[in-house]
Amino acid sequence: MRYCILLLFFSFGARAQTQVHDAVREVEETRLQFFQQNPFDINFVTSEEMQGLHLFSESQLQSFWAYRNSHGPFISMHELQIIAGWDLETLQKTVGILICETPQKKWYQGEQVSEQLLVKFERTLEEKVGFSPPTARGKIRYVGNPWAQNIRYRGKLNRTIRAGFTLQKDAGESDLTNFKSFYLEVKPQKWVDKLILGDFINQWGQGLIQSGGFSLGKTYESIRATQKFNLGGLPYSSSGESAFYRGMNLQAHWGPVTFAIFQSTRNLDASISKDSLNRPFYRSIDVDGNHRTSTELKNKSSLTEYAWGFQALVPIAQGYVSFSSTQHQWDIPKRNTQVYNQTEWQGDQLTNYAIAHHIPWKNVFLAGEFASTNSKAIACIESIAFPISQKLDFSTLLRYYGTGYFSPMAQSLGEGSQTKNEVGIFVGNQFQISKYQRLSSYIDYFYFPKQNFTYAFNRAWGVEILTRFQWDRKKKGHYFSQLKWTNQSIESNQRKNHLQASFDLHRDLISHVKWHSRLMLSYLVSPDQNELGAMWLHDIQYSHRNWKLQTRIAWVHTPSYDTRLYAFEPTLAYSFSLPAYYDPSMRNLALLSYTLSKHWELGIKIARTQYFEKETSGSGLDLIPKSHKTDIGLQLIYGY
């Protein structure tokens, strides 16, 4: 799959939390919009790329491959009309996403050349403590100015050659090139399928040893939550400053078998300590990418990571079985110094092995992976998805992540933020009530055998249940209501209940005007807490000719951060924002975009949060000694 799926979320980082159910629709709309700008050629698109679009049923995909294999290259997009199962609704979904181009003569010749240059500036108008003059009580301050800057280039010469780079500085950093990222992707289309030089990630198997990109975690889209697709190596084009490799990634095939190898050398940020014998070690790796103070600059690039690995993928029927292994080595060892992490992996060398499969069998789709480390810790995951009828389908996922299991790039479905020390079962279903109505739900049970950062005791457990009703009519609007209940341990003999509800409506009011409203509630009950939080937001979008204006007014009232609420927020193009709303406050924003010409687009965002019951916001050097916070952003895009 193409690098562009990562680009959508560069402002969100490499890891996502599980509280993102309400953002699924917005994510899908943004993702498909980007695919329309970077379409797939139907003569060269792979099965993984087609599956990753999430637009087609399994029977439609099988019909597509059967037609292309028997009839050879497509001559025109009109041929899609005669593929079995590809009705008018399916064809409408593919507009702008699938294309059919004329054959390329030479690998170095330009064909459908495209370029994009994005320049963005952002800052908070109120002065944070970190930017104020030093005082006798606090002399540490940020070394740079309060502006965050991002310069990003993406270019395509033809279907064979792509390249891009990112230059970024966060607010408080002094150097525009504080974070530098680049890639060159070449697809020779012979026995070498893909070569990536620079920054990249791997999506192998079900994510137990290699998983990259954005993940929605547990969602009402149960089949998507329980099954990943083996996409291989992907160029890294995010501005997140962690969770990627830097070096070389090669993917090739020999007959039906696909091979992938990679090598990476990268400097990481870590806080280095020394033991009683003056031997250096690190406790954890810093992933936020901030280099604003003398301490953060001291930790910058203080740890070197060497990594390499390989994968062999063997196709079976319409699926595959893969074998993979990775090796990581650090120039300074990791040591666990806290009581809760004594059973976790530590050292300076780590080897992972895995065998994975993704196999359709009749109407059942099986996907799983078994992985182990050189410390003999194991992890395994197995999911089953099956349709009971045309309107009803189920999926389930069993997971076991050993206490001592670890892989730096692992990312699989679970309650914990890392793939370790967890046992669970996820069961989801979707029922198509009618053409316009759908009911989705899941239940997830999770259990932590040993204590961890969140639970200071063994055998913590919990259960999460979600149900969601959706009503969608293209011309009349979209509606959903959602209810989620979580019951989990807080002490060895105490539990808490958290109930969250959402009611959402999108409608077209008049020509050029769209309206969106959402009411969200968060109710938390435990022996020490009884809190009810709420948020009510309204969005208005006006589009006419070259102008597009989006506004939001949100009223928020939560007693504490524990009853926070998440909602997708309109932001500048090719960015993604899912902030936590909390405290009695009001959040207002205006987002204006204007297409200057065929090649130029300007975007401006102004957002302000007014707090009603506190005189400051933030903490530490990010403290603002005022009851409000104002964020602005300016972005200019050139596209050819």
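A polar contact here is a pair of N or O atoms within 3.5 Å, where, inside a protein, one atom must be able to donate a hydrogen and the other to accept it. S211 makes one of these: its side chain reaches the backbone oxygen of Q411 at 3.3 Å. Keep in mind that what you're looking at is a predicted model.

**How sure is the predictor?**

Average pLDDT for the protein comes out at 86, and 90% of the residues score at least 70. The start of the chain is another story: pLDDT stays under 50 over residues 1-27. The model still has 114 contacts beyond four places in sequence for that stretch.

**Back to S211**

So where does S211 sit? You'll find it in the loop between strand 7 (192-203) and helix 6 (222-226). Buried or exposed? S211 counts as buried because its relative accessibility is 4%, and the cut-off for buried is under 20%. Setting aside neighbours within four places in sequence, S211 is in contact with N202, Q203, K228, M409, A410 and Q411. Q411 thus turns up on that contact list and also supplies the backbone oxygen that the S211 side chain reaches.

**The nonpolar cores**

How many residues are in the largest nonpolar core? The count is 18, and the residues with the most contacts inside this core are M50, F56, F64, L80, W86 and L98. Helix 4 (residues 58-71) gives the most to this core, with four residues. If you want to look around from one spot, try L98: leaving out residues up to four places away in sequence, L98 touches F40, I42, M50, L53, F56, M77 and W86. There is also a second, separate core of 14 residues, which includes A371, L397, Y401 and L466.

**Strands and hairpins**

Two runs of antiparallel strands are worth a look. Here are the pairings, each with one pair of opposite residues.

| Strands | Bridges | Opposite residues |
|---|---|---|
| Strand 22 (494-510) and strand 23 (513-526) | 13 bridges | N497 and V525 |
| Strand 23 and strand 24 (529-544) | 14 bridges | V513 and Y542 |
| Strand 28 (585-595) and strand 29 (600-611) | 11 bridges | L589 and A607 |
| Strand 29 and strand 30 (628-639) | 11 bridges | G603 and Q635 |

In the run from strand 22 onwards, strand 22 and strand 23 form a hairpin with two residues between them. H512 is in that turn, and its phi is positive, about 75°. Strand 23 is then joined to strand 24 by a hairpin through two residues.

Further along, a hairpin of four residues joins strand 28 to strand 29. Strand 29 goes on to pair with strand 30 in the antiparallel sense, and the loop between strand 29 and strand 30 is where S617 lies. S617 counts as buried because its relative accessibility is 5%, with the cut-off at under 20%. Which residues does S617 touch? Leaving aside neighbours within four places in sequence, S617 is in contact with Y611, D622, L623, I624, K626 and K629. For a sense of scale, the C-alpha atoms of S617 and V287 are separated by 23 Å, while the two residues are 330 residues apart along the chain.

**Positive phi outside glycine**

Besides H512, two loop residues have a positive phi without being glycine. A243 has a phi near 60° and is found in the loop between strand 8 (232-235) and strand 9 (245-254). A243 counts as buried, because its relative accessibility is 19% and the limit is under 20%. S301 has a positive phi of about 55° and lies in the loop between helix 7 (294-299) and strand 12 (303-316). S301 is partly exposed, because its relative accessible area of 38% falls between the 20% and 50% cut-offs.

**Cysteines**

How many disulfides does the structure have? A search of the whole structure finds zero. Two cysteines you can check by eye are C100 and C380. C100 is partly exposed, with a relative accessible area of 22%, and C380 also counts as partly exposed, at 28% relative accessibility.

Notes
Residues are numbered from 1 along each chain as its sequence is written. This is a predicted model: local features need pLDDT of at least 70, side-chain atom pairs count only at pLDDT 80 or more; totals for chains, interfaces and linings use all residues. Side-chain values use heavy atoms; hydrogens and water are left out. Two strands pair if DSSP finds at least two bridges between them. Buried means under 20% relative accessible area, exposed over 50%, partly exposed in between (1.4 Å probe, protein chains only). Contact means heavy atoms within 4.5 Å. A disulfide is a pair of cysteine sulfur atoms within 2.5 Å. pLDDT is the predictor's confidence in each residue, from 0 to 100. A nonpolar core is a set of buried Ala, Val, Leu, Ile, Met, Phe, Trp, Tyr and Cys residues joined through side-chain atoms within 4.5 Å.
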